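Here is a short round of questions and answers for a newcomer. Look over the sequence and the structure, then read on.

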Amino acid sequence: MPSLTLPDPGLDPLPSATPRIVSAARVILAAGEPPVADGAVVIDGRHIVWTGPGSQLPHDYADLPRTDHPGATILPGLIETHAHLGSYASRLTPDVPDPSRHRAAWTALSSVATARQLASVGVTTVQSLGSPYFADVALREAIATGLGAGPRIVAAGPQLTTTGGHAWSNGAEVDSVTDIRRAVRRHHKAGTDLIKVMATGGFMTARTDPWKAQFTTEELRVLVEEAHRLGKHTAAHAHGTEGIRRAVDAGVDYIAHASFIGEDGRTDVDLELIDRIAERGIFVDTCSPPTRPPVEGETISPRAAELFQRGVRLVTGHDIGAVLPPSAYTFGLKQLEASGLPRVEVLRAATSTAAAAAGLAGVAGVLAPGYSADLIVAAGDPLADLSALDSLLEIVIAGRTFRPDPVIPYVPGSGRHAVDRTQDLRAARGEALERRRRHPVHPA
Ligand SMILES: [Zn+2]
């Protein structure tokens, strides 16, 4: 009987089981540790089996094939902890009489484009925090089974939200604790790795207010309890302070945005709440803004440095998908540094801390024996200048070299999407503030 041989587009034709050595002028084994000069990483199959100075390479490995990158830096593959993989689908549509017939397939294909663009800028793991049709789960499986090449995917499926709440169109509206339990179980059945919930409204869904909480603490607690019972971590989208507080009280593992918007729509940082987030070890992404300096009064401007100084575990979740093209990820790293986060902490947020936030502690984010062989080779030294990440010489995902697609460049502040997004945010907030003025909730 003829055997089926799947094409392996974009994957290195070398059998993945061939052990090999990658070496460079310096190797960052773990962000925050001093780099190893003239270091080497030995890869066997999908895993790392040895790391250290090239001069101390064990005898057994001496004859392995070797790729040397003089002047370059090897570091753990980068991680995006807050992506929306199918979102190109809403920006582009098939040119046919009834595009609605193609929504699911189009979303899946668009997920491939986003994921491959991310991998092409060195993102070897992508945590999807919301994807309609469970396209992220299907993509994870497609990559794992060799249907195509791409980053490791950690998938949330559609975000749980209230009826008519933020991102309701992704298809997971829930309105009671029974609904919530059922939805978490259905997500489990569909194969998600984590559960994402919209704890507040958002800027991108009509008639939802980002400063308003959507769920009660009790509802969120049930969601967390059920997710944890099924071995899944939880992430909450939360702009408003009340929604953040409820998510913290309910025990969520990850907070996206953490904008601390008060009832008046203005940012009002709650230090006591930040300290509780730090104490509980909750991971936080601040979603880097499209421009720097931030627009005055802009609620999505990063409080990254302030959160970091108070001990919050920051991660690099840049909302890629809501922000396009995906090369904005690298720009977001530079934005974090510009906002006051030390460079080495940006790298830590993008690697070891991000891995822990995605449930991959001990698997990714560090170069050490037993870890997945996920690494990138930057042409310069990212510890001296993050721009070194703009020029990658090699991208290795689970032991195999990923052949990057041509990267669509992100143009800060002038890209169509960046401008759209900033304007959308200002318009949405202006409109909402105007509504509040006309219809105060608590008339004076
Ligand atoms: Zn998002």
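**Strands and a zinc site**

Q: In strand 2, which residue is the bridge partner of Arg20?
A: This is a predicted model. Strands of a sheet pair through backbone hydrogen bonds, either parallel or antiparallel. For Arg20, the bridge partner in strand 2 is Ile43.

Q: How many bridges join strand 1 to strand 2?
A: Strand 1 covers residues 20-27, and strand 2 covers residues 36-44. The two run antiparallel. Ser23 has its bridge partner, Ala40, in strand 2. The number of bridges joining strand 1 to strand 2 is 7.

Q: Does strand 1 pair with strand 4 in the parallel or the antiparallel sense?
A: Strand 4 spans residues 66-76. One of its residues, Thr73, is the bridge partner of Arg26. Strand 1 and strand 4 pair over 6 bridges, and the sense is parallel.

Q: How many residues of strand 1 are buried?
A: Strand 1 pairs with strand 4 and is joined to strand 2. Strand 1 is mostly covered. Of its 8 residues, the number buried is 6.

Q: Which residue in the turn between strand 2 and strand 3 has a positive phi?
A: Strand 3, residues 47-53, runs antiparallel to strand 2, and 6 bridges join them. Ala40 stands opposite Gly52 in strand 3. The two strands form a hairpin with 2 residues between them. The turn residue with a positive phi, about 65°, is Gly45.

Q: Which are the edge strands of the open sheet 5-6-7?
A: This sheet has 3 strands, and the pairing is parallel. Each edge strand pairs on one side only. They are strand 5 (78-83) and strand 7 (152-155).

Q: In strand 6, which residue is the bridge partner of Glu80?
A: Strand 5 and strand 6 (residues 123-128) pair in the parallel sense. They do so over 4 bridges. The partner of Glu80 in strand 6 is Val126.

Q: Which residues are the protein donors of the zinc ion?
A: Along the chain, the donors follow the spacing H-x1-H-x234-D. They lie 2.1 to 2.4 Å from the ion. The donors are His82 (NE2), His84 (NE2) and Asp319 (OD).

Q: How many residues apart are His84 and Asp319?
A: His84 sits in the loop between strand 5 and helix 1 (88-91). Asp319 sits in the loop between strand 12 (313-314) and helix 9 (328-338). The pair links distant parts of the chain, and the separation in residues is 235.

Q: Is Asp319 buried or exposed?
A: Buried means under 20% relative accessible area. Asp319 has a relative accessible area of 5%, so Asp319 is buried.

Notes:
Residues numbered from 1 in each chain as written. Predicted model: local features only at pLDDT ≥ 70, side-chain atom pairs only at ≥ 80, totals over all residues. Heavy atoms only, no water. Buried < 20%, exposed > 50% of the residue type's maximum accessible area, 1.4 Å probe, protein only. Pairing = 2+ DSSP bridges. Donors = N, O, S within 2.8 Å, 3.2 Å for Na, K, Ca; no water.
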